Amino acid sequence: HNAAMNKKGPELVDWDKLPKVVIPNSSLISNENLTIIDIRPDDEYSHGHIPNSINVALRGRLETWIGIMVPWGREIYIVGNETLQKEAIRRLHRIGYKVSGRLDFSAWQKAGLRLAKNERITPTELHNKIKDGSAPIVVDVRLPKEWMADRIGTVVNIPLDKLAKDSAKLDKTEPVIAVCNSAFRSSMAIGILEKEGFSQVRSLEGGGKAWKKAGLPMIQSKVA
């Protein structure tokens, strides 16, 4: 898409103009042509978010992941405060993505519309569940080479970019815990799995880094 755009020449961009603030409406979460991107930190997203939204926190590789996760030409609304939205819109302009509208999360709450919540699980809590056999399915959403290098135990590896399709292998009625290095990708996985119909999804707080910091055991393999 970028190659074609470069050949044709990109549209002129008004860098200071912000898209409209959209009035909260429950129909937004069922619009198949719309992707709602929540750019807030993953801990804020876990405490409450707009259903069917995907958390791509501004602190990470926003452009890369939206380029991977959001089909070209899809209408995009972003959730976050105005400062975050301004930076996100500028960064997305650089790769040719347009933001059609902005959503105010507090306005969504005040309107009494449905919220999704998935409080994160701590490394110690998950480790205890693994030890006593009560742990739900744990899905590591990192790349296979990352998963092979070290992992928190016997977990399923479904890379984030294949999660929407390959999650069909999992039972949607069962609880699932998503894991990555730092909770950035696992928080994204929450929104993807929710859109696919999973109702009991949580993320590992702090990811594998927090697991290591807590001194909990890991499985390590040599990678060629």
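## Exercises: cores, sheets and a pocket

Leaving aside neighbours within four places in sequence, I66 touches I37, V56, I76, L92 and Y97. Keep that in mind as you work through this predicted model.

**Exercise 1. Find out which residues of the largest nonpolar core touch the most other members, and which helix supplies the largest share.**

Step 1: Start with I66 again. Together with I37, V56, L62, L160 and L163, I66 touches the most other members of the 35-residue core.

Step 2: Now look at where the core residues come from. At least two are supplied by each of α3 (62–69), β4 (75–79), α4 (82–93), β9 (176–179) and α9 (184–195). The largest share, six residues, belongs to α9.

Step 3: Don't stop there, since another core of eleven residues lies apart from this one, with L28, I29, V79 and F105 among its members.

As a rule of thumb, nonpolar side chains in soluble globular proteins tend to be buried together.

**Exercise 2. Work out whether the two faces of β9 are covered or not, and which strands β9 pairs with.**

Step 1: Recall that side chains in a regular strand alternate between the two faces of the sheet.

Step 2: Check each side of β9. V176 and A178 are buried on one side, and I177 and V179 are buried on the other, so both faces are covered.

Step 3: Look for partners. β6 (residues 137–140) runs parallel to β9 and is joined to it by four bridges, with I137 opposite V176. β10 (residues 201–203) also pairs with β9 in the parallel sense, over three bridges. There, V201 is the bridge partner of V176.

Step 4: Follow the chain from β9 through α9 to β10, and you trace a right-handed β-α-β crossover.

**Exercise 3. Give the strand order of the open five-stranded sheet and say which strands stand at the edges.**

Step 1: Reading across, the order is β1-β5-β4-β2-β3, and the pairing is parallel.

Step 2: β1 (20–21) and β3 (54–55) each have a single partner strand, so one side of each has no neighbour in the sheet, and these are your edges.

Step 3: Zoom in on one pair. β2 (residues 34–38) and β4 pair in the parallel sense over five bridges, and D38 has V79 of β4 as its bridge partner.

**Exercise 4. Describe the largest pocket: its volume and its lining.**

Step 1: The volume is about 690 Å³.

Step 2: The lining has 26 residues, and M5, E11, G96, Y97 and K98 lie nearest the centre.

Step 3: α1 (2–8), β4 and α4 each supply at least two lining residues, and α1 gives the largest share with three.

Definitions and conventions
Residues are numbered from 1 along each chain as its sequence is written. This is a predicted model: local features need pLDDT of at least 70, side-chain atom pairs count only at pLDDT 80 or more; totals for chains, interfaces and linings use all residues. Side-chain values use heavy atoms; hydrogens and water are left out. A nonpolar core is a set of buried Ala, Val, Leu, Ile, Met, Phe, Trp, Tyr and Cys residues joined through side-chain atoms within 4.5 Å. Buried means under 20% relative accessible area, exposed over 50%, partly exposed in between (1.4 Å probe, protein chains only). Contact means heavy atoms within 4.5 Å. Two strands pair if DSSP finds at least two bridges between them. A crossover is right-handed if, with the strands pointing away from the viewer, the path from the first strand over the helix to the second runs clockwise. On a 1 Å grid over the protein atoms alone, a cavity is a set of points where a 1.4 Å probe fits but cannot get out, and a pocket is an open set with protein on both sides within 12 Å along at least five of seven lines; lining residues have an atom within 4 Å of a point. Grid points are joined across faces, edges and corners, and a volume is the space filled by probe spheres set on the points.
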